[in-house]
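Let's take a walk through a protein model together, one piece at a time. Keep the picture open while you read.

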Amino acid sequence: MRARKSTIPSQTIDAVEQRVRQLCWRYADKLQFHGWHHVSFVRAKAAGFAEHNGADRAVVEVAALVHDVNYIVLRNSPAAAGRDLRMGILQECDVDDVVARWIDEIVDEAEMATRGRHISLEAQALSDADTLFKALPVTPVVLAHRYLSENGLSLRELAHKIVGEQRDVHDSGYYFYNPKAAETYSRWALANLQLWQCIKEAVDDPTVVELLDAVHAVDALDMEPAAS
């Protein structure tokens, strides 16, 4: 069993933060959803969840900082697609090799599409923070269109992805691992899933499809250069 004390010096965490922040701004056009706004939110919440569940907070913070670099490498990709970049960042910032491999394992373990009921405390803290970002009431309103653009998905594809990946996890009782997080945020999570279930049903209605096609046609006209 790993000790639950900090294993990464604060200056190393700062170096990882600086490197990831630089990448987020350099590739801001690629990271409309998974940019620094997302990374910093997940990092802050994951650190709090780590304090609560006894995980190694420093390791969780660094895992949160590098958990979504795959979206720089390949749009609409699993966390594993960012492994080389993730490990390169950690090596560049002098994270111990054993700890770096542990962090990479945590990122994979916490991924929504594949996570299970029994994952490590560090992966639980990271997962709960990332899941909370998805469940925030503001996310569908303010950020969903950014996810569509970033990952080249249609609204139908996103609705199927969210419901397909999250419904069974929610219904099985481990949408959030932290009991306090579950108590505080489950109402938001359920409302979010119900919304996306409704969207999934709506985009199969022919009249709604016509409506969306009309909206997209207007958007396409707005993007055309003005005649000289």
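Tyr-185 has a relative accessibility of 14%, and since buried means under 20%, it counts as buried. Keep in mind that this is a predicted model. Now look for Trp-188, which has a relative accessible area of 29% and is partly exposed. Both sit in helix H10 (residues 179-202), three residues apart, so about one helical turn separates them. Why does that spacing matter? An α-helix has 3.6 residues a turn, so residues three or four places apart point the same way.

What do the two rings do? To describe a pair of aromatic rings, you give the distance of the centres and the angle of the planes. For Tyr-185 and Trp-188, the centres are 5.4 Å apart and the planes are at 45°, so we call the pair tilted.

Stay on H10 a little longer and find Asn-192, which is also part of this helix. Is Asn-192 buried or exposed? Its relative accessible area is 6%, so Asn-192 is buried. Skip its neighbours within four places in sequence, and you'll find Asn-192 in contact with Lys-134, Ala-135, Pro-140 and Gln-166.

Gln-166 takes us to helix H9, as it is one of the buried residues there. H9 covers residues 155-171, which makes 17 residues. From first C-alpha to last it reaches 23 Å, close to the 24 Å expected at 1.5 Å a residue. Along with Gln-166, the buried residues of H9 include Leu-158, Ile-162 and Val-169. What do the buried residues of H9 pack against? They pack against H7, H10 and helix H8 (139-151). After H9 comes Gly-173, with a positive phi near 90°.

Next up is H7, which runs over residues 121-135. Its 15 residues span 21 Å from the first C-alpha to the last, close to the 21 Å expected at 1.5 Å a residue. Of those 15 residues, 13 are buried, so the rest of the structure largely encloses H7.

Now for more rings: the structure holds seven aromatic pairs. In one of them, Phe-41 and Phe-133 have ring centres 5.5 Å apart and planes at 65°, so this pair is edge-to-face. Phe-41 belongs to helix H2 (residues 36-53) and Phe-133 to H7, so the pair ties together parts that are 92 residues apart in sequence. Phe-133 counts as buried at 4% relative accessibility, while Phe-41, at 22%, counts as partly exposed. Ring pairs also link these two with Phe-33 and Tyr-147 into a cluster.

Over in helix H8 you can spot Asn-151. With a relative accessibility of 3%, Asn-151 counts as buried. Which residues does Asn-151 contact, leaving aside its neighbours within four places in sequence? They are His-34, Tyr-71, Arg-75 and Asn-76. For a sense of scale, the C-alpha atoms of Asn-151 and Ala-100 are separated by 27 Å, and the two residues are 51 residues apart along the chain.

Our last stop is a pair of helices, H1 (residues 10-26) and H3 (residues 57-66). They pack at an angle of about 10°, with their axes 10 Å apart. H1 and H3 are therefore roughly parallel to each other. H1 brings Ile-13, Val-16, Glu-17 and Val-20 to the contact, and H3 brings Ala-58, Glu-61, Val-62, Leu-65 and Val-66. Sorted by type, the residues of this contact between H1 and H3 are seven nonpolar, no polar and two charged.

How values were computed: Residues numbered from 1 in each chain as written. Predicted model: local features only at pLDDT ≥ 70, side-chain atom pairs only at ≥ 80, totals over all residues. Heavy atoms only, no water. Helix = DSSP H or I, 4+ residues; strand = E, 2+ residues; numbered from the N terminus. Expected span 1.5 Å × (residues − 1). Buried < 20%, exposed > 50% of the residue type's maximum accessible area, 1.4 Å probe, protein only. Axes fitted to C-alpha atoms, helices over the stretch in contact; angles between N-to-C directions. Parallel < 35°, antiparallel > 145°, perpendicular 65-115°, else oblique. Contact = heavy atoms within 4.5 Å. Nonpolar A, V, L, I, M, F, W, Y, C, P; charged D, E, K, R; others polar. Phe/Tyr/Trp six-rings, centres within 6.5 Å; stacked < 30°, edge-to-face > 60°.
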